Amino acid sequence: LIDGAWIDAPQTEANVSPSDIADVIGHFPLATADMVDGAVDAAKRAFPAWSREIPEKRADILDRIGQRIAQERAFLGEVLAREEGKVLADALAEVDRASRVFRFFAGEALRVTGETVASLRGQCEATVRRRPLGVVGMITPWNFPIAIPAWKIAPALAFGNCVVLKPAELTPACAWHLARIIRECGVPAGVFNLVCGSGAVVGDRLVRHRGVAAISFTGSTTTGARIAAIAAGRMARVQLEMGGKNPLVVLADADLDQAIEIALNGAFFQTGQRCTASSRLIVEASVHDAFVSELAARLRSLNVGHALDADSTIGPVVSEPQLAKDVAYIRAGREEGAQLVTGGEVLERRTEGFYLSPALFAETTNEMRINREEIFGPVAGVIRVADYDEALAVANDTEFGLSAGICTASHKIACHFRDHAEAGMVMINLPTAGVDYHVPFGGSKGSSFGSREQGRQAVEFYTSTYTAYDRPL
Ligand code: NAD
């Protein structure tokens with residue numbers, strides 16, 4: 001979608017469901033670098049009028065987009081479940097979130113504020129103001145194919161920017177339908193552009209294009225680091241949300257049944273393919289054995305199946321390469337001496353897809369590769385610790401810092417963990433995954449770079465401040 005029109009690309013690629021490789025959702029474009037240039041040019045041309053538009057007009061359009069997403073909920077949820085593989089209930093929840101995000105930022109469009117400061121020079125007033133950046137390039141991953149584009153596009157448009165979105169190769173359909181809705185809801189031509197295609201061609205051109213003022217990226221740490229280096233080279237603003245190796249600490253005083261549900265949800269739901277998934281389960285020795293055996297029993301009762309089947313609790317892995325990666329890590333875990341308590345088997349189902357039974361390792365150490373590298377699949381390792389102090393040290397001993405959780409009945413320890421866990425999001429008696437959309441989202445260390453996404457703080461990335469000194473004559 002460039003300058004308000006749908007353009008054919010020279011090549012297309014089949015978008016195949018991971019639940020059933022015979023289910024082709026559609027053939028989507030693999031755009032060229034020239035098409036990126038066209039999209040950026042269109043966005044630049046649209047920027048002066050859009051950025052000067054009264055905020056209420058932008059708010060109304062964003063509100064309409066939010067309402068339309070809600071109206072198309074059932075359809076969009078099915079498309080999302082088919083192409084990404086998360087079960088329908090989770091896909092519908094993600095669509096709801098995208099709808100809410102647009103409606104939240106419709107309100108925020110009206111709430112851009114500045115600051116008035118007494119000047120140090122007499123009879124002069126200093127004001128700090130905000131203005132939009134221009135063209136923002138967005139590069140998104142496959143695991144939240146409608147929510148992540150939504151939480152980048154909505155604030156960008158709310159504050160008067162124009163957008164070029166490059167979605168993940170594996171999930172173009174959600175982005176395509178979101179673009180269709182955005183266009184149908186009255187966003188002027190060129191203000192929002194969608195360019196589908198590969199990271200190496202489309203993503204790379206977007207990052208290097210001098211007409212793109214800022215890049216908002218969500219994806220792996222490797223890709224993020226590469227993008228940051230290029231963006232820094234041309235002084236473009238950049239925001240990166242990347243991987244995690246999120247710890248969940250379970251102390252002896254926790255409600256064990258609740259802790260097991262929290263671990264189950266946080267580590268394995270949505271096939272463990274969440275950047276906030278709890279892949280390291282750090283458990284106090286006195287409850288370790290009971291925790292492992294009960295969590296394993298709960299895992300065996302989960303139903304791994306087709307994303308659209310009503311009785312599936314976990315869908316397939318997103319793709320064949322990701323399945324191969326998960327299996328390789330499971331092999332590596334065993335070779336390093338971890339004990340595979342349950343799961344880790346490639347499964348056959350009624351349709352041909354990429355099914356894997358959720359894998360729980362015990363007797364792991366924090367030095368093992370399975371506990372240091374992001375796997376991004378339904379795989380978690382349990383680490384036995386003596387007490388809270390050791391648990392906190394292990395939790396923080398990672399290059400990542402996205403989300404961290406603790407299950408405990410002690411308010412004192414919970415507060416200590418809240419303030420000392422090296423993570424951008426801290427969860428007390430809650431899964432590490434699952435966040436609200438009206439508060440900031442992001443991490444520390446190798447998980448995030450740049451200012452926060454979502455909530456009121458999103459304005460920091462999508463606007464720049466300027467200072468005006470004003471002396472009345
Ligand atoms: P990825 O890094 O492979 O791809 C992300 C996006 O970057 C895709 O659109 C891809 O096409 C593009 N890309 C790839 N190479 C590029 C290049 N050279 N130049 C420009 N763009 C390029 O990640 P993925 O496999 O799609 O997603 C999984 C990763 O995303 C995991 O690491 C996960 O933790 C992370 N993630 C993070 C968050 C967060 O908010 N922290 C949220 C969801 C996913």
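This report walks through a predicted model, from its ligand site to its strands and two unusual loop residues.

**The ligand site**

Start with the ligand. A shell of 28 residues surrounds the ligand, and those that come nearest are Thr140, Glu169, Ser220, Met242 and Glu374. By type, the shell divides into 13 nonpolar, 9 polar and 6 charged residues.

Three contacts to oxygen atoms of the ligand are listed here.

| Residue | Protein atom | Distance to a ligand oxygen atom |
|---|---|---|
| Thr140 | backbone N or O atom | 2.8 Å |
| Ser220 | side-chain N or O atom | 2.6 Å |
| Thr223 | polar side-chain atom | 2.8 Å |

How much of the ligand does the protein bury? Taken alone, the ligand exposes 850 Å², and the protein buries 89% of that. Some elements give two or more residues to the shell: α7 (199-208), β8 (214-218) and α8 (221-233). Thr140 takes part through its backbone. Ser220, in contrast, uses its side chain.

**The six-stranded sheet**

Now look for an open sheet of 6 strands. Their order is β7-β6-β5-β8-β9-β19, and the pairing is mixed. Why is one side of β7 and of β19 left without a neighbour in the sheet? Strands β7 (192-194) and β19 (448-449) stand at the edges, and each has a single partner strand, so one side of each stays free of a neighbour.

Strand β8 belongs to this sheet and also gives residues to the ligand shell. At the β7 edge, the pairing can be followed residue by residue. Strand β6 (residues 162-166) runs parallel to β7, with 3 bridges between them. Within this pair, Val163 faces Phe192 of β7.

**A parallel pair with a helix between**

Further along the chain, strand β17 (residues 403-407) is joined to β18 by 4 bridges, and the two run parallel. Ala404 stands opposite Val426 in β18. To get from β17 to β18, the chain passes through helix α14 (residues 411-420). This β-α-β crossover is right-handed.

Strand β18 (residues 425-428) has two faces that differ in cover. Met425 and Met427 lie on the covered face, while Val426 and Ile428 lie on the uncovered one. In a regular strand the side chains alternate between the two faces of the sheet. Read along β18 and you can follow the switch from Met425, covered, to Val426, uncovered.

**A hairpin**

At the start of the chain, β1 (residues 11-17) and β2 (residues 20-30) pair in the antiparallel sense, with 7 bridges. A hairpin of 2 residues links β1 to β2. One bridge can be picked out: Ala14 is partnered by His27 in β2. Compare the directions: β1 and β2 are antiparallel, whereas β17 and β18 are parallel.

**Two residues with positive phi**

Two loop residues deserve a look. Gln123 is not glycine, yet its phi is positive, near 60°. Where does Gln123 sit? Gln123 is found in the loop between β3 (115-118) and β4 (125-132). Gln123 is exposed, with a relative accessible area of 73%.

Met235 also has a positive phi near 60°, and it too is a residue other than glycine. Its place is the loop between α8 and β9 (237-241). Is Met235 buried or exposed? Met235 is exposed, at a relative accessible area of 74%. The loop of Met235 follows α8, a helix that gives residues to the ligand shell.

Conventions
Residues numbered from 1 in each chain as written. Predicted model: local features only at pLDDT ≥ 70, side-chain atom pairs only at ≥ 80, totals over all residues. Heavy atoms only, no water. Near = heavy atom within 4 Å. Polar contact = N/O pair within 3.5 Å; in protein donor to acceptor, adjacent residues only side chain to side chain. Areas by Shrake-Rupley, 256 points an atom, 1.4 Å probe, with all protein chains shown as cover. Nonpolar A, V, L, I, M, F, W, Y, C, P; charged D, E, K, R; others polar. Buried < 20%, exposed > 50% of the residue type's maximum accessible area, 1.4 Å probe, protein only. Pairing = 2+ DSSP bridges. Right-handed = clockwise from strand over helix to strand, strands pointing away.
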